[in-house]
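Please look over the sequence and the model shown below before reading on. The report that follows goes through the loops, the sheets, the helix packing and the interior in turn.

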Amino acid sequence: MFDSSQKLNPKFYTKNITFASVSKILGISAFYHDASAALVVDGQVVAAVSEERFSRIKHDKCFPAQSIAYCLKFSGISIDELDAVVFYEKPFLKFERLLETYYGFAPRGFRSFLKAIPVWISEKLFLKQKIKKNLSKVMDYDQKKLKLLFSDHHLSHAASAFYPSNFKKAAVLTIDGVGEYATTRISLGENNKIRPLFEQHFPHSIGLFYSAVTQFLGFRVNNGEYKVMGLAPYSNKKSNQSLTFLYKIKDHLLKVNKDGSVFMDQAYFNYATGLTMIDQKKWQDLFGFSQRLPDQPLEQKHADLAQATQQVLEEVVLKLAAHAKALTGADYLCMAGGVALNCVANATLRDQKVFKDIFVQPASSDAGSALGSALAVQHLCFTEQSASTQKDKPLSMYLGPSYSKKDLEAFNQKKGFSPEKLELVKIAKALHEGKIIGWFQGRLEFGPRALGNRSILADVAHPLTQEKINKLVKKREDFRPFAPVVVEQHYDRYFKASSKAPYMLFTHELKDELKIEKPQGFDQLSLKEKRTFVKSAFPAIT
């Protein structure tokens, strides 16, 4: 079990090397999931994009060659002109953790060991050569001049949140599955430095626990965690089944400590040394049903387990935040890492008012680590230039490619489309008639949220909007929720008073007069009946 007094390993952190004052830094995230590239020039975030936006492979993990090519082309910078290329984590430390884990669990995991080690040796251990080779496919450059650095995984996450936050001093909380060793870290960000204060180490990880439940519920790990979050509200957290699942989780699977660290009984999990996340037989015996297959229907028990899991996650986040407050004394909080994309947990934390304000990195997954690693090198290495970074400016996430009118005309001609120019009043009328609009403008958003430049627009008051978009447009599960968009000055007309969420990273509660009272016996309805019941004047977002 993690001891909060445990000393942090100094080899986890990037050395403070000082370069010239002018900086052009390319950050790269790749080879696990959410590959991306980001370019920081003289402290300014110039461009950032995920490889999936070019390859059309969701959560693409391959080397982000197209993303790098875009960043360099957009800025007019060649690889030879870069002052540094930085990878978002340290592969040797990760390999060290892998070996220590197999040794610690031996002889368990021998089959997984035989499968994993050759891949590590051939593909990941010699990452320097692999990165250099892949960069040469983007453009020709002098490999001898390339300055290639490796940031720490959780430092990359922390930097991605703290430096764009506009906070001069803040607690920084990063929570995900696992980096090199750390699965959770609390740091203090002050001026241009980030100092680690507290860590939880692998194999104990609230992020991996949430992913384990994701697999048990029939969703894909590193892809379906937000489905668990979206399924949870279809449960009653006070129902006997939800309370029973909550008790079983906390009595058998993991213990939540006062400081927010967790201790997980590894007898129930396979992720440390196996080829799956969980021991299916033990989970089946514990919860009384077998792992759901992806094509099987969702039932109430699945929603109840999702709800219990979400409750545990929120408890951990609240305790970690309280511990971060106690350790740092800061009035502000920054968050990043995959768990920070759980907007329900974020809203619960916001409503507790532990901190005056919270900034969550909009690209909190490993995609944002490309940006964070570049910012970390900027602030920790290019010391003379750090004062000119974009503090006191709102973070723009419109960092991807845009297309000119000429580009669009060429595309339409190639596809045989005959576009019609619509005035805004016609678009508003189409929305009112229940039609769905594909909205395309400006530069592509960085991160998973559609923030108005690549968005699907529809009337939230129409009772069939949610089903229509999920079934016909997105072709996904019918329970999946949508985020509302509102003109900022009209926020108070619809929502209870709260902090605004320009990046769609917090949930918000509609005003009581807009809600529709649930009928008696609502909790006994089927999942489909719960979903289709009109709960407010805006059913598509409630």
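Between which two helices is the loop in which K475 has its place? K475 is found in the loop between α16 (465–473) and α17 (491–494), where helices (H or I, at least four residues) and strands (E, at least two) are DSSP runs, numbered from the N terminus. This is a predicted model, in which local features need pLDDT of at least 70 and side-chain atom pairs count only at pLDDT 80 or more, while totals for chains, interfaces and linings use all residues. Residues are numbered from 1 along each chain as its sequence is written, and side-chain values use heavy atoms, with hydrogens and water left out.

**Loops and backbone angles**

K475 has a positive phi of about 55 degrees although it is not a glycine, and K475 is exposed, with a relative accessible area of 65%; here exposed means over 50% relative accessible area, buried under 20% and partly exposed in between (1.4 Å probe, protein chains only). N191, in the loop between β7 and β8, likewise is a residue other than glycine with a positive phi, near 55 degrees, and N191 is exposed with a relative accessible area of 51%. In the loop between β8 and α7 lies P203, and the peptide bond that leads from F202 to P203 is cis, with omega near 15 degrees.

**Strands and sheets**

An open sheet is formed by five strands in the order β8-β7-β6-β11-β12, with mixed pairing; two strands pair if DSSP finds at least two bridges between them. At the edges stand β8 (193–201) and β12 (357–360), each with a single partner strand, so one side of each is left without a neighbour in the sheet. Neighbouring strands of this sheet are turned by 20 degrees against each other on average, direction ignored. Helix α6 (residues 153–162) packs on the sheet and touches β6, β7 (182–190), β8, β11 and β12, its direction making about 135 degrees with that of β6.

Other pairings involve strand β4 (residues 84–87), from which A84 and V86 point one way and V85 and F87 the other way, all of them buried. The table sets out three parallel pairings, each with one pair of residues that stand opposite each other.

| Strands | Bridges | Direction | Opposite residues |
|---|---|---|---|
| β6 (residues 169–175) and β11 (residues 332–336) | four | parallel | V172 and C334 |
| β1 (residues 24–29) and β4 | four | parallel | I28 and F87 |
| β4 and β5 (residues 148–150) | three | parallel | F87 and F150 |

F87 thus stands opposite I28 of β1 and is also the bridge partner of F150 in β5.

**Helix packing**

How large is the angle at which α11 and α12 pack? Helix α11 and helix α12 (residues 343–352) pack at an angle of about 45 degrees, with their axes 9 Å apart; axes are lines fitted to C-alpha atoms, for helices over the stretch in contact, and angles run from 0 to 180 degrees between N-to-C directions. That angle makes α11 oblique to α12, since angles under 35 degrees count as roughly parallel, over 145 as roughly antiparallel, 65 to 115 as roughly perpendicular and the rest as oblique. Where the two helices come together, Q310, L313, E314, V317, L318 and A321 in α11 meet V344, A345, T348, L349 and Q352 in α12, contact meaning heavy atoms within 4.5 Å.

Helix α7 (residues 206–216) and helix α10 (residues 280–287) pack at an angle of about 85 degrees, with their axes 12 Å apart, and are therefore roughly perpendicular to each other. In this pair, A212, V213 and F216 of α7 meet W283, Q284 and F287 of α10.

Helix α2 (residues 65–75) has S67, I68, Y70, C71 and L72 as its buried residues, and what covers them includes β1, β2 (36–41), β3 (44–50), α1 (52–55) and α5 (127–138). Just after α2, G76 takes a positive phi of about 70 degrees.

**The nonpolar interior**

A nonpolar core is a set of buried Ala, Val, Leu, Ile, Met, Phe, Trp, Tyr and Cys residues joined through side-chain atoms within 4.5 Å. The largest such core has 105 residues, and those with the most contacts inside it are F209, F269, W283 and F287. Helix α11 (residues 300–328) supplies the largest share of this core, eleven residues. Leaving aside its neighbours within four places in sequence, F269 is in contact with R108, F209, A212, L253, M264, M277, I278, D279 and W283. A second, separate core of 30 residues includes C71, L135, Y141 and F150.
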